[in-house]
Amino acid sequence: MSKIIIETRNLVKTYKVGDMEVNALKGINLKIFEGEFVAIMGASGSGKSTFMNVIGCLDQPTTGDYFLDNVLTSKLDKNQYAEIRNQKIGFVFQGFNLLSRTTALENVELPLMYDRHHRIKDPKKKAVEVLERVGLGDRMDHVPNQLSGGQQQRVAIARALVNEPSLILADEPTGNLDSKTSVEVFGLFQQLNKEGITIVLVTHERDYANFSKRIVELRDGKIIRDKEIEKPLTATEELEKLKTAEVNQEIS
Amino acid sequence: MKFKSIITAAIKSILKSRMRSLLTALGIIIGVAAVIVMVSIGEGAQKQVQEQIASLGSNLIIIYPGASNSGGVSRGAGSINRFTMDDVNRIKDEATFIKYISPIVRAGGQVIGGVGNWNTSTQGVSPEYLDIRAWKLSSGEFFTDKDVISRSKVCVLGSEVKKNLFPNDDPIGSLVRIRNVPFKVIGVLEEKGQSAMGVNNDDLILAPWSSVLDRLSGGRYINFIQASATSLAQMPQAQAELTKIMREAHKIQSPEDDDFTIRNQADLADAATATTKVLTLLLGSVAGVSLIVGGIGIMNIMLVSVTERTREIGIRLSIGARATDILVQFLTEAIMLSLSGGLIGIFLAFGMGYILNNYTSQPAVIQPAIIFISFAFSGAVGVFFGFYPARKAANLNPIDALRYE
């Protein structure tokens, strides 16, 4: 069996909204192994965002334990949380969340600036490297609003990769993209996953979840289904299908 | 984050919105420039006053006849004693802290000579007078003790008198008639300008006191005595000594008041300097208030900036920035804004100083200290007013910050 990246034990998260207590997570037990591509699914209010915040070390669970890369995170302080986000997690958001008026290269370099251990000796070289890896070698000096949505999301993915994290956490990464670009982005995820990077995807669209290898479904703060996908969709095939559909449309 | 990247990030962020940054820094620019210019004007005024006082002779002591103060009791007419040469000679013989001494005998009146006539004051003095007043001749020579003994009818013209009677010619050797008594001009004084009280120093004629006493004022009384202490430090001893000698000379018993007044130039200088110092302080603090107002402007804009950039803060937090990193980032921006404002303010102050010195009569003396102080103060303003917004930014919750629209 390969290494466990994420392990949660009876994870509970309770919010207080006025006098009401909202139980967003009601005891979640989940293990994610190295090299997996997991989609977390659920309707809004299912607790998937809260779950993502907790495993992304943006938020602490009320009770329960969360091990990331065999480190118990629930007892860490704010600064240690920041360090984990910097070193072990790469975020990809729905809204890309790039710094505006800042070039792609500078955006990708940013996480390395906050690395107190300076693990990567030459930040610029590394940033160039990952940008080339996501296919943006020729767009490095462009600022976000000179790039298309798909390109912006690639920059964001490059930024997530630059610190060589244990885990990439993608929150609705294609929510703002058209279907063709979305499939392309999933193609990139699949490629990265093939290279050995663990990816956890949060989405509410089953079509896209099918690109992953395993789907975990949440409802009302609990896991209701957790199953491997026998035959995930491949982005290359889906792109072909889209093209044929386009051609057919033009003919008719 | 490394120091260099913190600074570059701050500069980039400031340059991203140039106009806003400039307007924000404007408060500091004006504040710093105002502090420097105001204090420099104060310093300039101080220097002006000091120069005027120094032009009178810094060790100068003047002894006037009459009570120093009546102490609430009016002294009857005739109680005011007048000085004679006996007083001067006695001081000359007995005083040890007095270097030079001269009687002043005044005689006003019309002076005829050269191209016309002029009304001025003729003063009978001793040859030491020039040393007392730290005055020099621009041409010719001064009269000597011999002229005093022989009551020579010689005189030295002030530059103003020379200008009016001999506008184009060299007056030396010419005769002028002072109240119809002919005097030979043997020298001309250097121009000294206005005194601190606004009297034109150059509108006078100097002559041997004996000649003026005998031929013009007609009597034996002298108007007052000017003397010069051996040094500025010995001024108090000199004054005490003079008081003692004069009391003895005038046979004044111990409970009685002096019948003369001793004034010294240093006291006057001190008083004037103290006044201008207060003025400098006042001007400086009024300008300092504007610097603080500028700081509030920075705080205001930084608070807006934190709100506007909430999402950016969220992004930075999510990729691993610590609260301290965010704090340092915003604080650095505030400090850079205020320091660059300070720098521009210093240049502005130099420009205004140049204009004041070259195109107005109000001099400005820019001291290095005030440049340093106001620059440091602008930095302190940045730290003080930048801290609250920076802390607000640093304390943001990453989840809320990321979701902020």
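Tutor: Domain bounds come from an automatic or database domain assignment, and on that basis chain B is divided into domain 1 (3–52 + 270–403) and domain 2 (82–249), whose C-alpha centres lie 56 Å apart. The model is predicted, with local features needing pLDDT of at least 70 and side-chain atom pairs pLDDT 80 or more, while totals for chains, interfaces and linings use all residues. Residues are numbered from 1 along each chain as its sequence is written, with chains lettered from A and ligands numbered from 1 in the order in which they are written.

Student: Why is helix 11 of chain B called roughly antiparallel to helix 12 of chain B?

Tutor: Helix 11 (323–359) and helix 12 (residues 368–394) of chain B, numbered like strands from the N terminus as DSSP runs (helices H or I, at least four residues; strands E, at least two), pack at an angle of about 150°, with their axes 7 Å apart. Angles run from 0 to 180 degrees between N-to-C directions, along lines fitted to C-alpha atoms over the stretch in contact. Under 35 degrees counts as roughly parallel, over 145 as roughly antiparallel, 65 to 115 as roughly perpendicular and the rest as oblique, so helix 11 of chain B is roughly antiparallel to helix 12 of chain B.

Student: What makes strand 6 and strand 10 of chain A edge strands?

Tutor: Six strands of chain A form an open, mixed sheet in the order 6-7-8-3-9-10, where strand 6 (89–92) and strand 10 (222–228) each pair on one side only.

Student: How do you know that strand 6 and strand 7 of chain A pair?

Tutor: Pairing requires at least two bridges found by DSSP, and strand 6 and strand 7 (residues 167–171) of chain A have four, in the parallel sense, so they count as paired. Gly90(A) stands opposite Ile168(A) in strand 7 of chain A.
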